[in-house]
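Reader: I'd like a close look at one part of this model, the helix packing in one of the chains. Could you walk me through it, and then add a few words on the metal site?

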Amino acid sequence: MSRVGEVTLRLVVAAALAVDCVIHLMLADVIQLAAPGGVGGGNLFRAQALAAGLAAVLLLATGRRFAYVVAGLVALSAFVPVLLYTYVAVPALGPIPSMYDPTWSDDKLISAVCEGAAALLAAIGVAVTRRSPISSRPSPR
Amino acid sequence: MTGMDLTHARHPRRSAVALIGAVALLSACGGGDGGESSSTASTASTTSAASPSSQSASSSGGEASSSSAPAAEKVVITISDFAFSVPESVPAGAEISVTNNDSIGHTVTADSGDAFDVNVAPGATVTFAAPEKPGTYAFHCKPHPNMTSSLVVK
Ligand SMILES: [Cu+2]
């Protein structure tokens, strides 16, 4: 992939993770009302927001294969649960409260689409980046 | 020669991209954080914490009223399977008890103004006073904006 292509991919994945981050922060207070048990749905949403924000910054700053792997895993860590908790009434699992919600709010839909897109595009990023992407770098001392 | 120039240009460009992205991200996240109503969330959770006592009180009161007193005083909103069951109308100022049969928390939140906004924890019953002013009050659940209904106050 061309350098312009990689940077574009990087920006799109980071933007999708940024949406994931912002929506999880916005919804943290209300998910806490819906899922007050255990560690609290609000804290889980804030943790997801933090992970997405860090993954986006890491990816923007490096564009490395490792950063695409992290970005993809973080995106999946939101995308899989949002689908699971929409279609399956998962009970509380230890410290994780039940976050079942069969409804689709606009915010939920937007974040789920972004998470799915981020996961898919990050996988492409993993495929197109070499293990050491800075190939022009002089060989180590 | 041009190859050299490109290589030199790479690092500044890369860090500029990273910087712009990071700044945008941080400001966006910061904005989202304060956006929602965190104050109502904390006050209302106190209300729902008091629910177990009101739950037992209202259920025993309900048993008694079926045999002796007329049921006019008893106004109940029930939440089951992400849907509200609301009486056709309620008297102005009536005490309304809200029972949540789901294992997920819900709220009963007036769409406009601050007519009412109560949190109902999973399995809990809470009470609130109907507005004094007659009218139709559309309401929703904050975590589930598609859960909507309306309260007719007479
Ligand atoms: Cu609800």
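Author: Sure, and keep in mind that this is a predicted model. Let's start with helix H3 (residues 65-87) of chain A and helix H4 (residues 106-128) of chain A: their axes come within 8 Å and cross at roughly 145 degrees. The handedness of that H3(A)/H4(A) crossing is left-handed. On the H3(A) side, the residues making the contact are A:Arg65, A:Tyr68, A:Val69, A:Ala71, A:Gly72, A:Ala75, A:Leu76, A:Ala78, A:Phe79, A:Val82 and A:Thr86. H4(A) brings A:Lys108, A:Ala112, A:Glu115, A:Gly116, A:Ala118, A:Ala119, A:Ala122, A:Gly125 and A:Val126. Sorted by class, that contact has 13 nonpolar, 4 polar and 3 charged residues.

H3(A) also packs with helix H1 (residues 3-34) of chain A, at an angle of about 35 degrees and with the axes 11 Å apart. This crossing, H1(A) with H3(A), is left-handed. From H1(A) you get A:Glu6, A:Leu9, A:Arg10, A:Val13, A:Leu17, A:Asp20 and A:His24, and from H3(A) A:Tyr68, A:Ala71, A:Val74, A:Ala75 and A:Ala78. The class count for H1(A) with H3(A) is 8 nonpolar, 1 polar and 3 charged.

A:His24 deserves a stop of its own. This residue lies in helix H1 of chain A, and A:His24 counts as buried because its relative accessible area is 9%, under the 20% cut-off. Setting aside neighbours within four places in sequence, A:His24 is in contact with A:Phe45, A:Gln48, A:Ala49, A:Ala78 and A:Glu115. Two of those names may ring a bell: A:Ala78 belongs to H3(A) and A:Glu115 to H4(A).

After H1 comes a loop leading to helix H2 (41-62) of chain A, and A:Pro36 sits in that loop. A:Pro36 has a relative accessible area of 38%, so it is partly exposed. Its C-alpha is 8.9 Å from that of A:Ser98, although A:Pro36 and A:Ser98 are 62 residues apart in sequence.

Now the metal, over in chain B. B:His106 (ND1), B:Cys141 (SG), B:His144 (ND1) and B:Met147 (SD) coordinate the copper ion at 1.9 to 2.6 Å. Angles among the 4 donor atoms run from 91 to 132 degrees, and the site is tetrahedral. For reference, the ideal angle for four tetrahedral donors is 109.5 degrees. Along the sequence, the copper donors follow the spacing H-x34-C-x2-H-x2-M. Of these donor residues, B:Cys141 and B:His144 are both buried.

How values were computed
Residues numbered from 1 in each chain as written. Chains lettered and ligands numbered in written order. Predicted model: local features only at pLDDT ≥ 70, side-chain atom pairs only at ≥ 80, totals over all residues. Heavy atoms only, no water. Donors = N, O, S within 2.8 Å, 3.2 Å for Na, K, Ca; no water. Tetrahedral: all angles 85-135°; square planar, octahedral: opposite > 155°, others 65-115°. Buried < 20%, exposed > 50% of the residue type's maximum accessible area, 1.4 Å probe, protein only. Axes fitted to C-alpha atoms, helices over the stretch in contact; angles between N-to-C directions. Helix = DSSP H or I, 4+ residues; strand = E, 2+ residues; numbered from the N terminus. Left-handed = near helix turned anticlockwise from the far one by under 90°. Contact = heavy atoms within 4.5 Å. Nonpolar A, V, L, I, M, F, W, Y, C, P; charged D, E, K, R; others polar.
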